[in-house]
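Me: I have a chain to go through. Can we take it step by step?
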Amino acid sequence: MKRVLIACFLIVSVFSYAQQTDYVDFMKINSDIILNTDSLKIWGNSTVEFKILKSVDSIFMDAKKMNFHFELHNHDSIYYEYDGEKLWFLSRFEAGEKHKLSFKYKVKPKKALYFVNKNGEPQIWTQGQGKYTSNWLPSIDDVNDKIEFDLSVTFDKDYEIVSNGKLINKQTNDSTATWYYNMQEPMSSYLVALAIGKYNKKTETSKSGVPLEYYYYPEDSLKVEPTYRYSKQMFDFLEEEIGFAYPWQNYKQVPVHDFLYAGMENTSCTIFSDAFMVDDIGFNDKSYVNVNAHELAHQWFGNLVTATSGEHHWLQEGFATYYALLAERDIFGDNHYYFKLYESAVDLGRQDLAGDGTSLLNAKSSSLTFYQRGAWVLHALRSLVGDDVFKKAVKAYLEKHQFKNVETSDFINEVERFYGKSLNTFVDVWIKQKDFPVDAAFGLLQNESTFINEYLMVDCQAKTSKCKEYIRYYVSDEAKVKVISQMPELVTNDTFKHGFKVRQAISQYVRQIPKALKDNYETLLDDKSYVTIENALYNLWTSFPEERAKYLSKTRNVEGFNDKNVRLLWIALNLNTPFYQADNKQSLFEELVSYTDERYNADLRINAFNYLNLMNACNDTCKSNLEKAKSHHNWRMVKFAKDMSEKLEKK
Ligand SMILES: [Zn+2]
């Protein structure tokens, strides 16, 4: 293949004044991919179809740090140039032409696709948003070019391969298998997903007939029901509430090890952190319900209609947060809904007081602003225009802009059309101005929710006389939690009779346990909450040294969350209880050290490192694992490892 030396000049001349999307529309990317866990490399064979919109002499795809090999059959008039970041196609492209090109590539991705070690087993997953899919798949970083992606992926036949769209074929070879996925509609490149690992799956069907696939690790079969609880109900609810049929062929959810975020809404294939795989008890403390609903809502708001740029990011995060809240309201009721709105209004007010507030249209806004203020805008807007107008406008907005990109005015225009009045003032106050309209927000809450009115009335910092009464009866459990947090000394044996949240608050705020409460306090060790058990075990162990053996015996089989919060505390307390299980200390210590190994999840490792640091017991194995943690793919793990290393050096 001939290389074109004047390429750089041409490239600069065309794109200094316009977006590439004005000149070309990439329509389809078909890619065969082979992954290798030893070399951490990917080999791809892509066929790309595009249409020229305006005559141009060069177009590009994004492709980071790749090696290319070309087979431009019947296209000898098209030349290529690769600059390490972009793959350029050079020719006298004329408006209206359609092209189909093929090329092979090889890449060792720096980010966006991760090879991870899960308990000694390889697992592979992707994160496109914020990282760029073009680190492993030549594609288009600009979200404004929507493309139909069809991936076929080859890997060890003992693993499951999950990607966007529908699995249309699976071909097994000697040691490998190729899985063929097919999409029918276009999407932005950041939504391309791939997850490979050892999985089983459970399938349900939505009311409208969409297959819902819940993936899980084979060892987690008991966690499937609590983790995915309400999935179908939320799916059916959102389809009905949004008024626009779910736009993709199916909906898959895949937990992965050491994910970078809580979840990511890849089209028809949400990937989420396996820390949300919870058992019946974990469900009460740390359920997947909210993340589940949020990523599902993005399948419409973000994936079907995508913000043109960061200024309109709230059209994705604000909508996903709001619709997740509506789905939760359908399950947990109005009080839950208003309490969450109340909490976010408090956070937004604090952000403004700290001087960190921004307009919702500022691309550099905090997550709090994009997510929570965005959700508040929709709540306030609906209160203003009414349910009927709001729902009609949302539906029309999706119909008009489906599979395209949107700006804030596209949505507001639809609402104004059905409302019949200008929304300029609303937009200024709720969306454009720097400060969150906190008074207006509280006004709405007080108007709409007696539950919130009561909660606001209960305040033991302002007036203490009634708090003794509040904690006994009258008020909601949320308000009782507030009283306990402000005046833990008011807790009596009666207080233990209240619900789960109240009992958890006791474990959190009553740390030095009065003798009179001892019997009731011990019952907290049986609560269906790993947070409560962890708090109660520690507080009982410190408050009643003579009973330590009893508390340790009672909790010896409790593991806790994915980060083994109860187990690690139990080991630490055991090691500090000399007379209890004296022969067992060495093996328990080794167990604690073993959790710092890279085959465990980052939360568990951080937890184990913290305990070892606290006990001044980070030995050579611990130190060597800490060193390795510095090159982990998750920045939280890296930051933790660097900070702890520094502290160790100073000791
Ligand atoms: Zn989101």
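Reply: A term to begin with: buried means under 20% relative accessible area, exposed means over 50%, and partly exposed is in between, using a 1.4 Å probe and protein chains only. By that cut-off, buried residues make up 55% of the 651 residues in the chain. This is a predicted model, where local features need pLDDT of at least 70, side-chain atom pairs count only at pLDDT 80 or more, and totals for chains, interfaces and linings use all residues. Residues are numbered from 1 along each chain as its sequence is written, and side-chain values use heavy atoms, with hydrogens and water left out.

Me: How many helices and strands does the chain have?
Reply: 24 helices and 21 strands. Both are DSSP runs numbered from the N terminus: helices are H or I with at least four residues, strands are E with at least two.

Me: What is the radius of gyration of the chain, and what would a compact globule have?
Reply: The chain has 28 Å, which agrees with a compact globule of 651 residues, near 26 Å. The radius is taken over C-alpha atoms, and the globule rule is 2.2 Å times the number of residues to the power 0.38. Along the principal axes, the C-alpha atoms fill a box of roughly 90 × 70 × 50 Å.

Me: What share of the contacts joins residues at least 24 apart?
Reply: 66%, among contacts between residues at least 6 apart in sequence. Contact means heavy atoms within 4.5 Å.

Me: Surface next. What area does the chain expose?
Reply: About 28000 Å², with carbon and sulfur atoms supplying 48% of it. The areas come from the Shrake-Rupley method with a 1.4 Å probe; for residues, only the protein chains shown count as cover.

Me: And charges: how far apart are the mean positions of positive and negative?
Reply: They are 2 Å apart, for 78 positive and 88 negative charges. Lys and Arg count as positive, Asp and Glu as negative; His and the chain ends are not counted. Each charge is placed at NZ of Lys, CZ of Arg, CG of Asp or CD of Glu.

Me: Let's zoom in on β19. Is that strand mostly covered or open?
Reply: Mostly covered. β19 spans residues 269–273, and five of its five residues are buried.

Me: Which strands pair with β19?
Reply: β17 (residues 251–256) pairs with β19 in the parallel sense, over five bridges. β18 (residues 263–264) pairs with β19 in the antiparallel sense, over two bridges. Two strands pair if DSSP finds at least two bridges between them.

Me: Which residues are the bridge partners in β19?
Reply: C269 is the partner of K252, and I271 is the partner of M264.

Me: What about the turn between β18 and β19?
Reply: That hairpin has four residues between the strands, and S268 takes a positive phi near 60°.

Me: Which other residues have a positive phi without being glycine?
Reply: A112 is one of them, at about 75°. F403 is another, near 60°.

Me: Where do those two sit, and are they buried or exposed?
Reply: A112 is in the loop between β7 (98–107) and β8 (113–118). At 0% relative accessibility, A112 counts as buried. F403 is in the loop between α9 (387–401) and β21 (404–406). F403 is also buried, at 17% relative accessibility.

Me: Last topic: where is G209, and how far is it from K518?
Reply: G209 lies in the loop between β15 (200–205) and β16 (211–216). G209 is partly exposed, because its relative accessible area is 44%. Its C-alpha atom is separated from that of K518 by 54 Å, with the two residues 309 apart along the chain.
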